[in-house]
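Let's take a friendly walk through a protein structure together. Have a look at the sequence and the model first, and then read on.

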Amino acid sequence: MLAFLIFGFISAQKAPVDFVNPFIGTSNYGATNPGAIAPRGMASVSPFNVTGRIDLNPLEKDSQWLSNPYVYENKFLTGFSHVNMSGVGCPDLGVIITMPTTGELETDHLKYGSTYSEETAKAGYYSVELDKYKVKAEATASTRTGVSRYSFPAGKANVLLNLGLGLTNEQGAMVHIVSPTEIEGMRTVGSFCYNNAEAAYPVYFVAKFSKPAEDFGIWKTPYNYEGEEAQWMTYNGKTRIKEGFTREVMGDSIGAYMTYDFKEPQEIEVKIGVSYVSIENARENLEKEVGNSSFEEVYEQTKEAWNKKLKVVEVQGGSEDDKVIFYTALYHTQIHPNILNDFNGEYPEIATGKIGKTEGRRYTTFSLWDTYRNYHQLMSLLYPQEQLEMVRSMLAMYDENGWLPKWELNSTETFTMVGDPAAVVLADTYLRGLTDFDVEKAYEAMLKSALDTVNNPLRPGLKQYIDNGYVGVDSGIPGPVSTTLEYNIADYAIAQLAKSLGKESDYKMFSDRALSYKKLYNPETGFLQPRYSDGKWYTPIDPLAGANFEKNVGYIEGNAWQYLFMVPHDIDGLMNLMGGSETFENKLDQIFNEGYYDMANEPDILYPYLYNYIEDSEYKTSVKVTELIKKYYKNGPDGLPGNDDTGTMSAWVVYSMMGFYPITPANPVYTFTNAVFDSIKINLNPRCYSEDSILIDSKSMEYTVPSSGFSGSLKKHYFMNHNNLFNSN
């Protein structure tokens with residue numbers, strides 16, 4: 001178990017930033033990328049190797065469901081994209097792609113693409129050798145600007161800017177060469193997870209080159225016309241090269257190029273500022289953030305920013321690989337949600353079409369179905385000011401849109417996944433002692449999604465849920481069991497916040513609603529089972545159907561086994577429903593022993609910690625957690641169990657390696673496991689916590705928290721309140 005003591009800590013020789021391996025998660029569908037990014041950056045520079053040459057890129061973006069701009073196994077690179085996402089399940093962004101080439105100009109990515117070697121990735125830095133051209137490409141980034149350095153051999157050289165290629169399924173772009181050292185334009189993106197295509201939107205950019213081009217131009221590849229006039233169109237479908245063209249060009253397959261003729265080896269630095277508001281803001285972002293700074297200066301600033309973020313936790317003990325796994329996971333939690341507002345505070349509002357302005361930070365990329373379970377709890381502990389800004393961003397979305405976000409991306413609501421997860425995050429944040437936000441507005445927004453039965457985008461099927469206590473198979477709502485359980489968890493969160501705010505009648509109503517999962521428990525099958533609105537069970541039920549994203553009647557991204565215990569707010573009640581702890585434990589054992597547990601997805605993510613509820617079997621939690629870390633988390637490209645889900649899988653291992661875990665969303669209680677490290681120092685934010693730091697000594701069985709006066713033995717304690725342990729201000 002753990003001891004919590006406050007005293008000095010001897011830091012390791014290497015800084016936390018030195019342990020980051022951005023290649024972790026770039027294989028095994030982890031959906032991360034090794035590109036350069038600043039903490040919570042809007043811009044990033046990622047190698048783009050997921051298109052063309054299926055012989056070299058077996059995981060090609062159009063050959064299967066692929067949501068990332070880079071896959072470790074692929075070997076054919078077609079450039080470097082400048083707006084990207086990490087750990088998401090659907091394709092989008094991956095646009096504004098640059099590519100350095102040599103020799104004669106070629107604009108077809110299938111022809112100008114190259115194999116590569118000598119890859120290096122660090123926090124805020126990426127480099128690679130392009131075999132075909134003998135060019136070294138390096139990348140770093142500030143918050144809103146990607147910075148690249150291309151080292152060319154002597155001879156003819158080109159820098160291409162391809163606006164037709166991308167990970168997004170949207171099309172349409174504009175490009176304008178301003179001068180021999182500057183290009184500006186925009187690219188359309190959106191339709192994340194193939195939803196809300198009407199809300200597709202532009203990302204603007206300004207690219208500045210460190211040396212003026214000797215020649216420049218635009219290319220455009222039109223559609224192949226098949227009408228009667230095609231016989232006279234000798235240019236039909238052919239790429240048009242518009243040399244020296246300095247007016248705007250619009251289209252789908254368009255791009256720009258800068259050409260040089262070097263007498264000796266030369267370096268070209270390319271700085272690309274981005275904005276979701278305007279070209280002018282993209283230019284200002286570039287000038288204010290990096291200006292005339294060199295590549296090395298930008299990288300050093302970004303590296304220091306990463307080290308500052310990562311040294312919030314300092315560890316001793318464990319192996320070198322353990323530290324790499326831990327700090328890379330913490331690094332991955334600092335990519336999303338990311339900053340949306342420009343340097344001047346402007347950002348696109350959600351749904352209104354207007355431009356808003358913030359004095360703080362507007363965050364975006366809220367994959368809340370994933371992150372409500374552990375991610376935001378970790379942010380409340382380690383980065384509480386950022387968590388508060390995320391909460392304020394969500395409330396601003398409510399002001400603009402009339403609803404809290406569900407799965408928001410760049411001020412568009414994608415309506416992805418099920419449930420009402422924003423309510424859980426808001427309540428959990430407040431109950432962990434972070435109260436510096438408009439809680440009455442938050443509560444108002446939560447009630448709207450929980451009570452409005454007309455055209456409710458957050459809770460479809462709500463009327464049936466309120467009337468029957470569950471969403472029926474015949475409701476037309478996908479995954480009615482999953483949806484019911486998610487609504488239960490959200491109702492529990494509302495109840496806990498209502499209690500804290502003294503709203504007793506609401507507390508009772510939502511507490512009762514939160515337990516309606518019991519109506520889906522079929523004692524004959526022993527599962528939470530779909531049923532019709534008239535009460536009849538849906539039969540037959542195959543409890544294994546739904547694994548590995550297989551569609552099934554009752555569940556979303558899971559099956560009956562993986563949802564059986566997904567009632568974190570009422571584990572004791574579920575145990576009683578099953579007939580007691582023996583049956584509960586036997587079924588939990590069966591999930592692990594028979595291979596039903598899915599470490600790569602969220603519904604059963606807390607299952608190894610459930611043994612702490614079973615007297616005399618608490619030791620199994622440490623056994624299972626240790627086994628899962630060793631099996632699924634590695635210092636290598638396949639070092640994540642699956643999709644990182646914008647940091648959720650990484651948050652799980654950060655908590656687990658520290659030796660404690662937030663077992664119930666909207667209940668600030670931790671449960672314990674054996675820590676991987678001998679000692680862990682958490683440097684707390686003094687604006688939110690009364691102590692500057694807390695040391696976890698995993699060898700001892702005693703703990704002391706002087707600020708609260710709470711002390712004693714952990715030998716028989718498996719749960720502890722966050723506010724007692726960390727004493728929020």
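A residue is called buried when its relative accessible area is under 20%, exposed when that area is over 50%, and partly exposed in between (1.4 Å probe, protein chains only). Helices (H or I, at least four residues) and strands (E, at least two) are DSSP runs, numbered from the N terminus. The model is a predicted one, in which local features need pLDDT of at least 70 and side-chain atom pairs count only at pLDDT 80 or more, while totals for chains, interfaces and linings use all residues. Residues are numbered from 1 along each chain as its sequence is written, and side-chain values use heavy atoms, with hydrogens and water left out.

**A covered helix**

How many residues of helix H17 are buried? Helix H17 spans residues 648–658, and 11 of its 11 residues are buried. Among them are Trp652, Tyr655 and Met658. After H17 comes Gly659, which has a positive phi near 100°.

**The disulfide**

A disulfide is a pair of cysteine sulfur atoms within 2.5 Å. The structure holds 1 disulfide, and it joins Cys90 to Cys193 with an S to S distance of 1.8 Å. Cys90 sits in the loop between strand S4 (80–81) and strand S5 (97–102), and Cys193 in the loop between strand S12 (182–189) and strand S13 (201–209), so the pair ties together parts that are 103 residues apart in sequence. The link of Cys90 and Cys193 is right-handed, with 85° about the S-S bond. Are these two cysteines buried or exposed? Both Cys90 and Cys193 are buried. Another cysteine, Cys688, counts as buried because its relative accessibility is 6%.

**Salt bridges**

A salt bridge is a side-chain nitrogen of Lys or Arg within 4 Å of a carboxyl oxygen of Asp or Glu. A search of the whole structure finds 26 salt bridges. Here are three of them, with their N to O distances.

| Acidic partner | Basic partner | N to O distance |
|---|---|---|
| Asp55 | Arg53 | 2.8 Å |
| Glu486 | Arg373 | 2.9 Å |
| Asp638 | Lys634 | 3.4 Å |

Take the pair of Arg373 and Glu486. Arg373 lies in the loop between helix H5 (368–371) and helix H6 (375–382) and Glu486 in helix H11 (residues 480–500), so their salt bridge ties together parts that are 113 residues apart in sequence. Both Arg373 and Glu486 are buried.

The other two pairs in the table can be described by their accessibility too. Asp55 is exposed because its relative accessible area is 53%, whereas Arg53, at 35%, counts as partly exposed. Asp638 is partly exposed at 33%, and Lys634 is partly exposed at 35%. Elsewhere, Asp420, Arg459, Asp491 and Arg513 are linked in a network of salt bridges.

**A charged patch**

Patches are made of residues with over 30% relative accessible area and no salt bridge, where like charges are joined within 9 Å and nonpolar side chains (Val, Leu, Ile, Met, Phe, Trp, Tyr) within 5 Å. Which residues form a negative surface patch? The patch is formed by Glu214, Asp215, Glu243 and Asp261. Of these, Asp215 lies in strand S14 (residues 215–220) and is partly exposed, with a relative accessible area of 47%.

**Backbone details**

Most residues other than glycine have a negative phi, and most peptide bonds are trans. Tyr29 is not a glycine, yet its phi is positive, at about 60°. Tyr29 is in the loop between strand S1 (3–5) and strand S2 (36–37), and it counts as exposed at 52% relative accessibility. Leu93 also has a positive phi, of about 55°, although it is not a glycine. Leu93 is found in the loop between S4 and S5 and counts as buried because its relative accessibility is 3%.

The peptide bond from His336 to Pro337 is cis, with omega near -10°. Pro337 is in the loop between helix H4 (320–332) and strand S20 (338–339). A cis peptide bond also joins Thr539 and Pro540, with omega about -5°. Pro540 belongs to the loop between strand S28 (527–528) and helix H13 (560–563).

Technical notes
Accessible areas come from the Shrake-Rupley method with a 1.4 Å probe; for residues, only the protein chains shown count as cover. Lys and Arg count as positive and Asp and Glu as negative; His and the chain ends are not counted. The place of a charge is taken as NZ of Lys, CZ of Arg, CG of Asp or CD of Glu.
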